[in-house]
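Me: I would like to go through this model one question at a time, with the reasoning set out before each result.

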Amino acid sequence: MHGEYKMPGGKLVVVDLDVRDGRLAHVRLSGDFFLEPDEALRAIDRALEGQPADTGEHALAEAVRRGLPADTLMYGISPEAVAVAVHRALRPETA
Amino acid sequence: MRTHWRDHGWQLIHDAPQPPLLHMALDEALTDEVAAGRRPPTLRVWEWASPAVVIGRFQSLRNEVDGEAARRHGIEVVRRISGGGAMFIEPGNTITYSIYAPASLVEGLSFQESYALMDAWVIAALGELGIRAWYQPLNDIASDAGKIGGAAQTRRGGAVLHHVTMAYDIDAAKMLEVLRIGREKLSDKGTRSAAKRVDPLRSQTGLPREAVIARMVDTFRRRHGLADDALRPGELARAQALAQHKFGTAPWLADVP
């Protein structure tokens, strides 16, 4: 499943994922945002992996925030934007 | 402590055309040289030996590029070390440069302030060429007639890399065949097609590409000081090794598949 979200004034945030036994699996974040350090990308994927597919946006954003390396810098992307992209992947009809 | 442009002895590198993978590698190698204090802050103007699509550090290869169309047109796909979006390059069609600066130049600045600082000289140069241009957050260089180019920044160790690609001329039809540009991307741009988003420097200046570059370099030299330099053999060797063992490998290109 594939979801995209561009926050107003931000960059494109893309999430590809599957759902296995009601949980997010094979989560892969991508996009034209700026993120430092490099490892933060995989840290976000890991933070989302295994989350129940019915998790609300707020809780998903919190999970992303908690999973970030301490010195992470984000430009054009936010934990909230990632959560929106996840929801759009899960519910394409509402996008 | 924060430093200013004139606190540094800026060097210019403007080499003969080089292949896309070597450009990717030079950005990493020279940023690291400046971070280590082995090279003074440097402006490098790129010349492209062959066509390329350059995708951003975090872009999905599959989502961004039509691999079949790229092969058909003989366009190499490479991934750079900075974030941001895909660029479509044909030799002679873009003006690309990198600034390798000590992190002290942007110390304490927000991302937005740091892009504005690094773009200011080129905005001034475009002004001297008769183009009213401005830095448009997050990372665009825009004009009344449309987008001119885009910047990407990354901080590595004690240095910051700021590189910019501006459209000089563009084969928009070919670009749209090779790049997959989705509707969501364009959702807050208020434009109907990606081709209309870019207005190249050729139509805006009426000048040959070399003349535009010469004027830009003059502006940088006048504002910040600039001495002519060249790649050192060790720098080139390190970049060639990176091109072969990192940037030219499938794990790097498909790191975000």
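Me: What radius of gyration does chain B have, beside the value for a compact globule with 257 residues?
Reply: In this predicted model, chain B can be set against the expectation for a compact globule of 257 residues, which would have a radius of gyration near 18 Å. Its C-alpha trace spans about 45 × 45 × 35 Å along the principal axes, and the chain holds 10 helices and 11 strands. The radius found for chain B agrees with the expected one, at 17 Å.

Me: Over which residues of chain B is the pLDDT below 50?
Reply: The mean pLDDT of chain B is 93, and 93% of its residues reach 70 or more. One stretch falls below 50, and beyond near neighbours in sequence this stretch has four contacts in the model. The stretch in question is residues 189–193.

Me: Why is chain A described as being as compact as a globular protein of its length?
Reply: Chain A has three helices and five strands, and from the N terminus on these elements run β-β-β-β-α-α-β-α. The globule rule gives 12 Å for 95 residues, and the chain is as compact as a globular protein of that length because its radius of gyration is close to that figure, namely 12 Å.

Me: How much area is buried between chain B and chain A?
Reply: The contact between the two chains involves 28 residues of chain B and 29 residues of chain A. Carbon and sulfur atoms give 54% of the buried area, and the total between chain B and chain A is about 2300 Å².

Me: Which element of chain B gives the most to the side that touches chain A?
Reply: Across this interface, 12 residue pairs are in polar contact, counting pairs with both residues at pLDDT 80 or more. On the side of chain B that touches chain A, at least two residues each come from helix H2 (61–64), helix H4 (111–128) and strand E9 (146–156). With five residues, the element that gives the most is E9(B).

Me: How do the residues on the side of chain B that touches chain A divide into nonpolar, polar and charged?
Reply: This side belongs to an interface in which 28 residues of chain B are in contact with chain A. Sorted by class, the residues of chain B on that side come to nine nonpolar, 11 polar and eight charged.

Me: Which residue of chain B meets Arg42(A) in a salt bridge?
Reply: Side chains of opposite charge can pair when their charged atoms come close. The search of the whole structure finds 24 salt bridges over all chains, and two are found across the interface of chain B and chain A. Arg42(A) lies in helix H1 (residues 40–48) of chain A, while its partner lies in the segment after helix H10 (250–253) of chain B. The N to O distance is 3.4 Å, and the partner is Asp255(B).

Me: Which residue does a cis peptide bond join to Glu36(A)?
Reply: Most peptide bonds are trans. The bond that follows Glu36(A) is cis, with omega about -5 degrees, and the residue joined to Glu36(A) is found in the loop between strand E4 (34–36) and H1 of chain A. That residue is Pro37(A).

Me: What is omega for the cis peptide bond from Pro137(B) to Leu138(B)?
Reply: Leu138(B) lies in the loop between strand E7 (133–136) and strand E8 (140–143) of chain B. For the cis bond that leads to Leu138(B) from Pro137(B), omega is near 10 degrees.

Notes:
Residues numbered from 1 in each chain as written. Chains lettered and ligands numbered in written order. Heavy atoms only, no water. Contact = heavy atoms within 4.5 Å. Buried area = accessible area lost by both parts, 1.4 Å probe. Salt bridge = Lys/Arg side-chain N within 4 Å of Asp/Glu carboxyl O. Polar contact = N/O pair within 3.5 Å; in protein donor to acceptor, adjacent residues only side chain to side chain. Helix = DSSP H or I, 4+ residues; strand = E, 2+ residues; numbered from the N terminus. Nonpolar A, V, L, I, M, F, W, Y, C, P; charged D, E, K, R; others polar. pLDDT = per-residue confidence, 0-100. Rg over C-alpha atoms; globule rule 2.2 N^0.38 Å.
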